[in-house]
Amino acid sequence: MDFSTFLWTTFAVFVTLATFSFLYKDNPFYKFAEHLVVGVSAGYFVIILWYNGLVPNLFDRLKDGDWYLIWLNSSKPWYLIPAILGILMWTRFSKKYSWVSRWPMALYIGIATGVAIPLEMSNRVNKQLFATMTSIDWTNFFGHGHFNLLDTTSGLSQVIIFVGALSALIYFFFSKEHTGWFGGVANLGIWTLMIGFGASFGFTVMARISLFINRLQDIKAWGIEALDASPRANPNYGPGFLIVFWLFVAFVAGYIVYELVNYFRSRTVQS
Amino acid sequence: MAMKRQIPFALVFIFGIFMLFQYFVPHESSEWVYEFLLDWIYIIGILALALGIWSLFRVSVDKIKTKKPNWVYSYVTLMGLFIMTVFGFTAKTGDSWGLYPVFVITFMLALFMLIQVLAKPASRNLYGLFGGAFLLAAVLIAILDRTWGFYFMEAKGLQNSMFRIFFDDVMMPILSTMFALLAFFIASAAYRAFRARNLLASLLLIAALIVMLRFNPYLPYAAYVAKVSNWLMNVPNLAGQRAIVIGIGLGIVATALKVILGIERGYMGKG
Amino acid sequence: MKVILGIVFLAVLLTCSVAFAQTDAMTPADSTAADTLSPPAPPTDVKAVDTPNDHGHSITVTWKLSTDDGGGAKSVSHYEIFRSASPTGPFDSVGTAVAGQTIFVNGGDKEKQSEDYFPDDSNFYYRVDAVTMNDSVRSSSEIAGPAHAYGQWYNTGRTPVLVAVLLFMILTIYFVSRARKGQELYVRPLGGIEAVDDAIGRATEMGRPILYVLGLGTAADVATIAAFTVLGRVAKRVAEYQTDIIVPTYDPIVMTVAQEVVQSAYLDAGRPDTYKEDSVFFVTQSQFAYVAAVNGIMLRELPATNVYMGKFYAESLLLAETGAVAGSIQISGTDEIAQIPFFIVACDYTLIGEELYAASAYLGREPVLLGSLKAQDWGKALVIILAIAGIVAANFGWTWFTHLFKVAN
Amino acid sequence: MDIFEKMMKLDRRWIFLFLIIVCVVTYAIPFKVPILVEPEVRSIYNFIDSLPPGDIILVAIDYDPNNLAELHPMTYALVEHAWRKKLRVIFTALSQNGPGMAEQAILDISDSLKQDRTFNGVHFKGREIKNGIDYTFLGYKPYYALVILGMGQNFRLPFPTDYYGTPLDSIPMMRGVLNYDQVAGVIDLSGGSITDAWISYGQGRFNFPLALGLTGVMTAQYYPYLGSGQVFGIMGGLLGAAEYEELADNPGRAKDGMRIQLYAHMVIILFIIMGNVGYFAERRRQKREEKGR
C-alpha cells in the first residue's frame, strides 16, 4: 500500500467514526459525513444512470442516425418518443407550462399500474392460494418418527399454518366489526401475526451485529497496516504511516475528551 | 382545461388497460410493445433525474443564500456532487494524468464562484469575474491537455482511479457504517418496545426472546430452544406472511384498479 | 432476465422429466447384453410440435425413453436432437438432453439479425439419437415432423389470473357504484389512521413541522402510489392547520408527483399562497445516504410527527429509531413484509400490509373509495372459501379442483 | 427517580456504549465460548469423520463474495477436516463467481495442511496436498440444474476437463469415478437458489447423501428438508460454521464472530429483561399508590 492510498483509507476510517458518532448525538462530524455522502452519492448515480441507463437504452439505439435530421433516420427512430416524453418532464422548470409534465407522469403511472395488476394477482394471490391447498400429512400428524410437535413438516404444523393464515386474513377485514366469533378468529389472526413478527425480529439481530463486526474489521485492518509499516520491514513504507496513524488517534481521543469534559461541566451547572 | 386534467387521466386509463391485458398475450407483437413501453418509463425516469439534481442544487444554494442553520455543510454536498460527476466523465488517455489535478482544482473553484454568484447577489460582479476566469482556465486545460479527456458515450470514467477512490473510501464507508448503525438501533428498539404491556406485546416479546436465545450455550435445554425458534420461523411466521401477502396482493390490485378507472385521483395535481 | 426465465423454464421441464424417469427406472434394462458396441434401443414415439403459450420461435420435441435408459452396459448417457428443413436431411445437431429426459425445447432468438434466429412458420423435421458413453455408439429415432413455430395470442396457463382479475374488477365496480348511490358502509376503526388527525393538531400546537417519508419506492410501485394518496389527505389537513410539511424524496419522479399532490392539496384547502415549493425536495438515489439525510432532518427540525408510507427496506428501523429519539409521534405503513416487525416495534402506529392500501379511503371518507374496501373484503372472503374448499379437495385427492387454480408460468 | 424507573427509562446511549464495549472487548480478546452443537451439524461432522481414508466427497462451492463471511469458514473447517482424514475431494462451483472463492479456499487450506496440527487429541502430520490426487476442481458451468443432472450420469458430461484444462480421464483420482455412485456424499455450500436444484435434481433423482451449508437468513426455510430426510445435515450461517469449527477442534473466523454474537445478544436480552423488571415494579407501585389513596 502506498502512502496516498493509506491517506485515503485513513479518510475512510475518519468518515466511519464520524458516522458512528451519530449514536452519541448529532455533531459537526456527522453533519460533514452526511452532507458529503449525499453529494457524492447523487453524483455517483448521475454517472451510473448515464452510462448504464441512458447510453445503452437511448443513445446507442439512435446513434446510427444524424443529428441534423434529429435522428429520424436511425434504425429505431421510435425511441425518440420516450426521449421527448422525458424532456417534457423538464417543463417543470417553468411555472407556466409545468402542467405538461403531467402527461409523461400519467403514462408512467398508467403503465406501472397496468403491469402491476395481473402480476401481483398472480404472484401474491393465485400462487399463495394454490400453495394453501396442500394435502395434509395425516400419517405423520404429530411429527415424523416419534411424537415430535416441533416438526415443521408434520400434519399438525400444516394445519396450524392453514388456520393461522386464514384467521390472519380475517383480521384484515375492514367492513365487519371484530365482535363475536368473528372477533375471536380475528384475535387468533393477530396473535399469529405478532408471534411471526417477534420471531423474524429476533432472527434479524444476528445479521445486524455482523454488520458492525465488519466495520470493526475494516478499522482493525487499517490499524495493522499503519503499525506494521516500519521503514525497515518494507522500503516502500515511510514514517508517514505512523505519523498519520498517531495524529489521527490523538485527534479522535482529543475529541472524546472534549465531549466528556463538556458533558460533566453541563451536569455540574445543572445541579 | 382538458389538456391539463382530462388527457392525463385518459392516458392512465388507456395504457393501464393495455398493459393489464398484455400480460395474457404471449405473442411477439404484444411482447415487443411491452418491452418498448417499459423502456419508456425507464428513460422517462432517468431523464427526470435532472429535476432531482436541480432540486438538490437549488435547496443547497438556497440554504447558503439565506444562511439557514448548518448552511456551511451545503458546500460539502455541492462539491461532492460536482466532483463525482466530473470524475465519472473523465479518464486518462495515456499513462500519466498531466494537468488533471490542476483542472479539477480550477473547475471546483469556478463552481464555488458560481455558487457564490447565486448565493450572494450583492457581490455578484466580483465573484462572476473570478468564476469566469477560473472556468476559462479549466476549459483551456481541458482543450490543451491531451493526456486525459472527457468521455460521454463510453463508460471509461468508471475506471478513473479518483472515481473509484471516492466510491471505495468515501461513499462506501459512510453507507456501510449507516447500515451498521442498525446493530445498535435494533438493540435500543428492542429495549424500548419489548415491554409486556399487554397480550400482543407479550407475544411479540416472547417470540423474539426465544429466537434470540437459540444459540445460547449457557442455557439449559438450549437444543430445545433452537428447535422452538425454528418452528416459530417456519409455522406461525409463514402463516402470518401468507395472509399478509394475499392481503397486499388484493390491496395492490384494488388501488391500481382505482387509479386506472379514475376512481382515485389524489396522486395527480389539479389546477 | 431472459436467463432467469430460461432457467425457470428448464427447471419446470426437468421436474417433469424426473417424474417420468423415475417411473421408467422401475423396469431396468437388459443388463446381460455384454456387447458394448451394439447400439442402444432408439427413443420411440418422437413428436415435434409448436411450444404452447409462447411468443413463437420455438418447437418442443418429445419422445419416449429408450429401453436402454437407466442402466445396463449400453446405458444411454444422453439424447442428441437433430433438426432439418427437409425430411431427407441434412440434419444438424441442435442440442442434447440428459438421460431420463423426454422433452427438449428447440428455441431461438426472435431477432432476424441474431445468429441464434429461429424462424416462425417454416417447416422443420426432427430426429432424436440415443447416445451412450462412447459417442459413436448411438441409434437414431424415426423422423418427426413437419412442425412449425408460431406465437400464440392467448396464454392458457394464465387463465386463473384473468378470471381473478376480471372477478375483482367486477366486484370493485359493483361496490363503488353502489356506494355512489348513497349506501352507507361500515368500516372498522384503524388506530394508525385516527392518529393522523391528532398528530397534525399536535404539530400545530407545538409549532413544529410534519415529516412525510415516501420511502425507497419509485412511482411505479403501487405502494408508493397509495402513499401519494395518503400524502394528499395529510397535506390538505396540514394546509388547513397552517403547519409545515417536509417531504424528502428518493426518486425524482416521486418528487415530481409529490410536488403536484402537495400543491393541489394546498389549493383544495384554499391556501395556495402558503405552499412552499421547497417543502418537497430530492435528496439522493442512494439508500443509506438518503437515510443519513433524513435522520439529520429529524434531529435538526424536530418534527412533531413522522409519517412513513410506501416501500421501506433495511432503513426502516434506522429512521424509526431516530424519530423516536427526536420525540416525534410516528405513524408507518408499508407492504414490505420483512420490515413490518421493525415498524411495529419502533413506531406508535403501524398500518400492516394491506391497511396501507386502505388508508387513503379511510382518510378521505368518500363513499366511493370506501366501496372499494368492500370489494377487497369480498376478495378475501372468496380466498378463504376457496382455500377451505381446496384443502378439502386436496385431502380427498380431487386434484382436478386444485389444478383449476394453478398458474402455469 | 428510583432505581426501577431508571431501569425503565434508561438513555439509549448507555445501551450503545455497553454494546460497543462488549463487541470491541469480545472482538479483541480471543477467549473461548462454549458452542452449542446442534444435531444437524454434528451429523455432517460425523459423516465426514466416519468415512475411511481414500473416500471421495463432493464439495459444491456455490456462493459469491457477498456471502463469503458466512460460508467461507464452513468450507475451511470442513475441507480441512476431510483432508486431515485423508479423504479426496471433488470441488465444483456452480455460481458465477464461485471459482474464485473455491481456488482461494483450496490454496489456503492446502497451506494449512502443510503444518503438523493436533485436533481433538489426534496428531496429524503435515502433508502436501496435490491437485489430481487429493482433489479435483471441476470449475464453473452455467445452467446449474443441467450440470447437476449431468454429473449424475457422468462427471465427464458437463466437465470434460477440470478447471485447469486437464482431461478428467488423465486425472489419477478421477480414474473409475464415474458419477455420484462413486461419491460418498455431497456438501453444498450456497447462498442462493442453487440449493433447491441440489435437493430436487441431485438428491431427488440420484439419492446420494446431501448436506447443506447456508447463509443465516436462508437457513430457516430449509429445515423442512431435514425433517423429510432429503438432507442429512444443515449448517446455518456463522453459527453453523462455528459449530463445525468447534466439532473439528479447529477454531477459525466463525468462532471469532460467534463470541461477539453471543455476548451482544446477551447484552440485548439483558436490557430487555431490565426494562421489563422496571416496568412491572413501576406498575406495582402505581397500583399500590392507587390503593393507598
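**Exercise 1. The interface of chain A and chain B**

Find how many salt bridges cross the interface of chain A and chain B in this predicted model, and describe the contact around them.

*Solution.*

Step 1. Begin with the charged pairs. The rule finds 1 salt bridge across the interface of chain A and chain B. Asp39(B) and Arg61(A) have side chains that meet in a salt bridge, at 2.8 Å from N to O.

Step 2. Widen the search to polar contacts. Between chain A and chain B there are 15 residue pairs in polar contact, with both residues at pLDDT 80 or more.

Step 3. Look at which helices of chain A take part. H1 (3–20), H2 (28–62), H3 (80–89), H4 (102–132), H5 (155–171) and H6 (180–227) of chain A each supply at least two residues of the side that touches chain B. H2(A) gives the most to that side, with 30 residues.

Step 4. Now count residues and area. Chain A brings 113 residues to the contact and chain B brings 122 residues. The size of an interface is often given as the accessible area lost when the parts come together. For chain A and chain B, the buried area is about 10,700 Å², and carbon and sulfur atoms give 83% of it. Tyr51(A), Arg102(A) and Leu150(A) supply 7% of the area that chain A buries against chain B, more than any other three residues.

**Exercise 2. Salt bridges beyond that interface**

Work out which parts of the structure are joined by the salt bridge of Arg300(C) and Asp26(A), then examine other charged pairs.

*Solution.*

Step 1. Recall the principle: side chains of opposite charge can pair when their charged atoms come close. A search of the whole structure finds 42 salt bridges over all chains.

Step 2. Take the pair named in the task. The closest N and O atoms of Arg300(C) and Asp26(A) are 2.8 Å apart, and the two residues form a salt bridge. Arg300(C) lies in helix H6 (residues 287–301) of chain C and Asp26(A) in the loop between H1 and H2 of chain A, so this pair joins two chains.

Step 3. Check the surroundings of each partner. Residues under 20% relative accessible area count as buried. Asp26(A) is therefore buried, at 19%. Arg300(C), with a relative accessible area of 25%, is partly exposed.

Step 4. Turn to pairs within chain C. Asp197(C) and Arg237(C) meet through their side chains in a salt bridge of 2.4 Å, N to O. This pair links distant parts of the chain, since Asp197(C) sits in helix H3 (residues 191–206) and Arg237(C) in helix H4 (residues 222–241) of chain C, 40 residues apart. Asp197(C) counts as partly exposed at 32% relative accessibility.

Step 5. Add another pair from chain C. Asp45(C) forms a salt bridge with Lys47(C), with the closest N and O atoms 3.9 Å apart. Asp45(C) is partly exposed at 40% relative accessible area, and Lys47(C) is partly exposed at 47%.

Step 6. Finish with a network. Salt bridges link Lys95(A), Arg58(B), Glu277(C) and Asp278(C).

**Exercise 3. Gly149(B): buried or exposed?**

Decide whether Gly149(B) is buried or exposed, and list its contacts.

*Solution.*

Step 1. Place the residue. Gly149(B) belongs to strand E2 (residues 148–150) of chain B.

Step 2. Compare its accessibility with the cut-off. Buried means under 20% relative accessible area. Gly149(B) has 14%, so this residue is buried.

Step 3. List the contacts. Leaving out residues up to four places away in sequence, Gly149(B) touches Phe89(B), Thr90(B), Ala91(B) and Thr93(B). The C-alpha atoms of Gly149(B) and Ala91(B) are separated by 5.8 Å, although the two residues are 58 residues apart along the chain.

**Exercise 4. How chains C and D are divided**

Describe the domains of chain C and chain D, and add an overall picture of chain C.

*Solution.*

Step 1. Read off the domains of chain C. They are domain 1 (44–147), domain 2 (156–180 + 370–403) and domain 3 (191–365). The C-alpha centres of domain 1 and domain 3 of chain C are 58 Å apart.

Step 2. Fill in the fold of chain C. Its secondary structure comes to 11 helices and 14 strands. Of the 409 residues in chain C, 58% are buried. Among its contacts between residues at least 6 apart in sequence, 67% join residues at least 24 apart.

Step 3. Consider the surface. Chain C exposes about 16,200 Å², with carbon and sulfur atoms supplying 58% of that area.

Step 4. Do the same for the domains of chain D. This chain is divided into domain 1 (3–26 + 265–292) and domain 2 (34–251). Their centres, taken over C-alpha atoms, are separated by 46 Å.

Definitions and conventions:
Residues are numbered from 1 along each chain as its sequence is written. Chains are lettered from A and ligands numbered from 1 in the order in which they are written. This is a predicted model: local features need pLDDT of at least 70, side-chain atom pairs count only at pLDDT 80 or more; totals for chains, interfaces and linings use all residues. Side-chain values use heavy atoms; hydrogens and water are left out. Domain bounds come from an automatic or database domain assignment. Helices (H or I, at least four residues) and strands (E, at least two) are DSSP runs, numbered from the N terminus. Buried means under 20% relative accessible area, exposed over 50%, partly exposed in between (1.4 Å probe, protein chains only). Contact means heavy atoms within 4.5 Å. Accessible areas come from the Shrake-Rupley method with a 1.4 Å probe; for residues, only the protein chains shown count as cover. Buried area is the accessible area (1.4 Å probe) that two parts lose on being put together, summed over both. A salt bridge is a side-chain nitrogen of Lys or Arg within 4 Å of a carboxyl oxygen of Asp or Glu. A polar contact is a pair of N or O atoms within 3.5 Å; within protein, one must be able to donate a hydrogen and the other to accept it, and residues adjacent in sequence count only if both atoms are side-chain atoms.
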